[in-house]
Amino acid sequence: MIPCAVVASRGARRWEQGHPWIFRSDVEAPPAAPAGAVRVRDTRGRELGWALWSPASEISLRRLDANPDTAIDGEWWYRRLTAAVARRAATARDATAYRLVHGEGDALPALVVDQYDRWLVAQLLSAGVEAFRAEITDALRTITGCQGILARNDPPVRTREGLPRVVEALYGEVPHDIVVEEHGIRYHAAPHTGQKTGAFLDQRENRVLAAAHAHGRALDLFSYHGSFALHLARRATSVTAVDSSAAAIERAAVNAELNALSNIEFVEADAFDFLRERRGGPRFDTIVVDPPAFAKNRASLQGAIRGYRDLNVHAMRLLAPGGMIFTASCSYHLGKAAFLDMLRDAAAASGRTLVLRAITAQPADHPEVITAPETGYLKGALLEAID
Ligand code: SAH
């Protein structure tokens, strides 16, 4: 017997409006089954398709397929994963590290897969997707011919799914250090221990954009392993890379050496302190501001906005006339409109005239479903100081 979930009309409507999730409060009758794939019906018995079922989660059902007559088997995962990989063909021409699967953005809910050269790093972020670990591993091996798959199953969301937080091999062995290439820049990725799955792959296109406008004295705030700094260094005269983590700065210096770039100065400092200390000093022609998520939840949003605003005001004041600033926020809770409002306030407070040269969202390999705002988090803006 195929397990079935019955959902209230509010849940059914959500699906019809293009959102792939149904919350626990909209499940009328949960499936009598462990986590896995289930059929979904509304209270009138209408078939809505297939979903991944997570018994312990607030997000009970995640849509897999609108066709109730399909089978969610190894073949199904193979087809969906093949399509996701095929969508990355253009990205793969310029980089050896990029996201292969972006969960709901690839109609593969709660599944993240990043490629680092010949190895993959996966995250199975719900109990439902965890039930298909074997099918997913097999399909990824066949499609990519990779040499190893590591599960970085350590994010806190796993706890809310009733799943353990572990880092373990799904197949083969994945090295602790992998050198990857991104638009001609090489860097070391750390799949076992680095942030996210080993690097910030989501800023790849923005690094290319920032580098295209880079000139003169450049500053990379919140540099981590120096990824923006490395790209800027090819165009700018000199680059100052700032991060509060000594380990991150050390790695950034190694990456500079790997690319034979000798015009980057590395500074271990708090970015806010750095900007305060440089106030009134020599200005920068190019600035990148890529802070961590200040708003971890809705409650901390107001404080976070003040933080972003402060940071941007001080950075804008340090821009030379004609200077370019690329500024980003990866806080999901700060929406696109609020991000631009914050920048408007910051620009006004900086006393400078800034023109908007580009607004950026997520890169092609991190697709955002327009009807599911939760799949989008990264926003960026390129601004030029004209006075
Ligand atoms: N720009 C990077 C990603 C930045 S991630 C890239 O493109 O890959 C955020 C970084 O900010 C982390 O490396 C963290 O160590 C650093 N950080 C956090 N708070 C900081 C602070 N107050 N001052 C400086 N760096 C900080």
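**Exercise 1. Describe the interface of domain 1 and domain 3, beginning with the salt bridges.**

Solution. Between domain 1 and domain 3 the count of salt bridges is zero, a salt bridge being a side-chain nitrogen of Lys or Arg within 4 Å of a carboxyl oxygen of Asp or Glu. The model is a predicted one, in which local features need pLDDT of at least 70 and side-chain atom pairs count only at pLDDT 80 or more, while totals for chains, interfaces and linings use all residues. Residues are numbered from 1 along each chain as its sequence is written, and side-chain values use heavy atoms, with hydrogens and water left out.

Next, place the domains: the assignment, which is automatic or from a database, gives domain 1 (4-65), domain 2 (74-178) and domain 3 (200-385). The C-alpha centres of domain 1 and domain 3 are 40 Å apart, and their contact (heavy atoms within 4.5 Å) takes six residues from domain 1 and five residues from domain 3.

Then take the area: domain 1 and domain 3 bury about 340 Å² between them, with 57% of it on carbon and sulfur atoms, where buried area is the accessible area (1.4 Å probe) that two parts lose on being put together, summed over both. On the side of domain 1, Gly18, His19 and Trp21 lose the most area to domain 3, together 71% of what that side buries.

Lastly, two residue pairs, both at pLDDT 80 or more, are in polar contact across this interface; a polar contact is a pair of N or O atoms within 3.5 Å, of which, within protein, one must be able to donate a hydrogen and the other to accept it, and residues adjacent in sequence count only if both atoms are side-chain atoms.

**Exercise 2. Work out the strand order of the six-stranded sheet and what packs on it.**

Solution. The order of this open sheet is β2-β6-β5-β4-β1-β3, with mixed pairing; helices (H or I, at least four residues) and strands (E, at least two) are DSSP runs numbered from the N terminus, and two strands pair if DSSP finds at least two bridges between them. At the edges stand β2 (21-23) and β3 (27-29), each pairing on one side only.

Strand β2 runs antiparallel to β6 (residues 59-65), joined to it by three bridges, and Trp21 stands opposite Arg62 in β6. Helix α1 (residues 9-16) lies across β1, β2, β4, β5 and β6 at about 165° to β2, with axes fitted to C-alpha atoms, for helices over the stretch in contact, and angles from 0 to 180 degrees between N-to-C directions.

**Exercise 3. Explain why β7 and β11 each have one side without a neighbour in the sheet.**

Solution. The open sheet of five strands has the order β7-β8-β9-β10-β11. Because β7 (97-102) and β11 (166-172) stand at the edges with a single partner strand each, one side of each is left without a neighbour.
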